[in-house]
Amino acid sequence: MTAPSTFGLSSEARNLHWLLTNLVEEVPGILSVAVVSSDGLLLLSSDPVRNEAAREARETRPTGPRGSAADLATIVSGIGSLTIGTAKLLDFGTVKHTMVAMDEGSLFVMSISDGSLLGVHGSAACDMSVVAYHMALFVGRAGHVLTPELRSELRKSLESESESTGEPE
């Protein structure tokens, strides 16, 4: 996680951290993950240092978009906004998920709840159906607990972690 210490967090926040860590560690090919609030703020992020297998596979590649969780959050928020606007314009209902396949990898964006989004950056070798399945499991488990209070707690946790490490978010 971007905030590796879950000490002092509520059980819901610790559970979300655990679910995100589990997603990254259990699904081959995931490079980075971000949970973004409806206003585009990063709430949770994977930590590539904790995922040994992924790090070894990416020795010559960046760990995520420019190596920054904030960059992935920005991309996820932008794609989410674009697809939501498209669905409204076409009058096709709500967006459930979006996938962008590229030569060297994939980006998956899935709605969680109240406009929050789960974004996954995967390698070219990842099995897209496996990633989508595990993202749906995460959304199903996390969606009902991602309340405004929990989003606020997660955001404050990220802010305090970045202040204590001196790193930008």
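## A starting point: Thr98

At 15% relative accessibility, Thr98 counts as buried. This residue belongs to strand 3, and the structure it sits in is a predicted model. Leaving out residues up to four places away in sequence, Thr98 touches Ile79, Thr83, Leu107, Phe108 and Val109. Thr98 also helps to line a cavity, and we will come back to that cavity further on.

## The overall layout

Let us step back to the whole chain. The protein chain holds five helices and five strands. Read from the N terminus, these elements follow the order α-β-β-α-α-β-β-β-α-α.

The protein chain has 169 residues, and 43% of them count as buried. How much of the contact network joins residues 24 or more positions apart? Among contacts with a separation of 6 or more, such pairs account for 62%.

## The largest nonpolar core

In soluble globular proteins, nonpolar side chains tend to be buried together. Here the largest nonpolar core has 27 residues. Within this core, Leu16, Val35, Leu118, Val120 and Phe138 touch the most other members. At least two residues each come from helix 1 (11-26), strand 1 (30-36), strand 2 (42-45), strand 4 (105-111), strand 5 (117-123), helix 4 (128-142) and helix 5 (148-165). Which element gives the largest share of this core? That is helix 1, with six residues.

Leu118 is a good residue to look at from the inside. Neighbours within four places in sequence aside, Leu118 is in contact with Leu20, Leu23, Val33, Ala34, Val35, Phe108, Val109, Met110, Ile112, Met135, Phe138 and Val139. A second, separate core has eleven residues, including Ala34, Leu72, Ala73 and Val109.

## Helix 1

Helix 1 is made of 16 residues. From its first C-alpha to its last, helix 1 reaches 22 Å, close to the 22 Å expected at 1.5 Å a residue.

Which residues of helix 1 are buried? They are Ala13, Leu16, His17, Leu19, Leu20, Thr21, Leu23 and Val24. Two of these names, Leu20 and Leu23, have already appeared as contacts of Leu118.

## Two buried strand residues

Ala34 is part of strand 1. Its relative accessible area is 0%, so Ala34 counts as buried. Residues up to four places away in sequence aside, Ala34 touches Leu42, Leu44, Ser45, Leu72, Ala73, Leu117, Leu118 and Gly119. Ala34 and Asp71 are 37 residues apart along the chain, and their C-alpha atoms are separated by 9.6 Å.

Met110 lies in strand 4. Is Met110 buried or exposed? With a relative accessible area of 10%, Met110 is buried. Not counting residues up to four places away in sequence, Met110 touches Lys96, His97, Ser116, Leu117, Leu118, Ala132, Met135, Ala136 and Val139. The C-alpha atoms of Met110 and His97 are separated by 4.2 Å, although these residues are 13 apart along the chain.

## Empty space inside

Rolling a probe the size of a water molecule over the atoms shows where empty space is left. How many cavities of 30 Å³ or more does a search of the whole structure find? The search finds two.

The second largest cavity has a volume of about 50 Å³. Around this second largest cavity are Gly80, Thr83, Ile84, Val95, Lys96, His97, Thr98, Val109, Met110, Ser111 and Leu117. Thr98, our starting point, and Met110 are both among these lining residues. Helix 3 (69-90), strand 3 (97-102) and strand 4 each supply at least two residues of the lining.

## A buried arginine and an exposed aspartate

Arg155 is found in helix 5. Why does Arg155 count as buried? Arg155 is buried because its relative accessible area is 16%, and buried means under 20%. The side chain of Arg155 reaches the backbone oxygen of Leu42 at 3.1 Å. Leu42 is also one of the residues that Ala34 touches.

Asp91 sits in the loop between helix 3 and strand 3. Asp91 is exposed, with a relative accessible area of 67%. The phi angle of Asp91 is near 55°, which is a positive value in a residue other than glycine.

Methods: Residues numbered from 1 in each chain as written. Predicted model: local features only at pLDDT ≥ 70, side-chain atom pairs only at ≥ 80, totals over all residues. Heavy atoms only, no water. Core = buried A, V, L, I, M, F, W, Y, C linked by side-chain atoms within 4.5 Å. Buried < 20%, exposed > 50% of the residue type's maximum accessible area, 1.4 Å probe, protein only. Helix = DSSP H or I, 4+ residues; strand = E, 2+ residues; numbered from the N terminus. Contact = heavy atoms within 4.5 Å. Polar contact = N/O pair within 3.5 Å; in protein donor to acceptor, adjacent residues only side chain to side chain. Expected span 1.5 Å × (residues − 1). 1 Å grid on protein atoms, 1.4 Å probe; cavity = no way out; pocket = protein on both sides within 12 Å on 5 of 7 lines; lining within 4 Å. Points joined across faces, edges and corners; volume = space filled by probe spheres on them.
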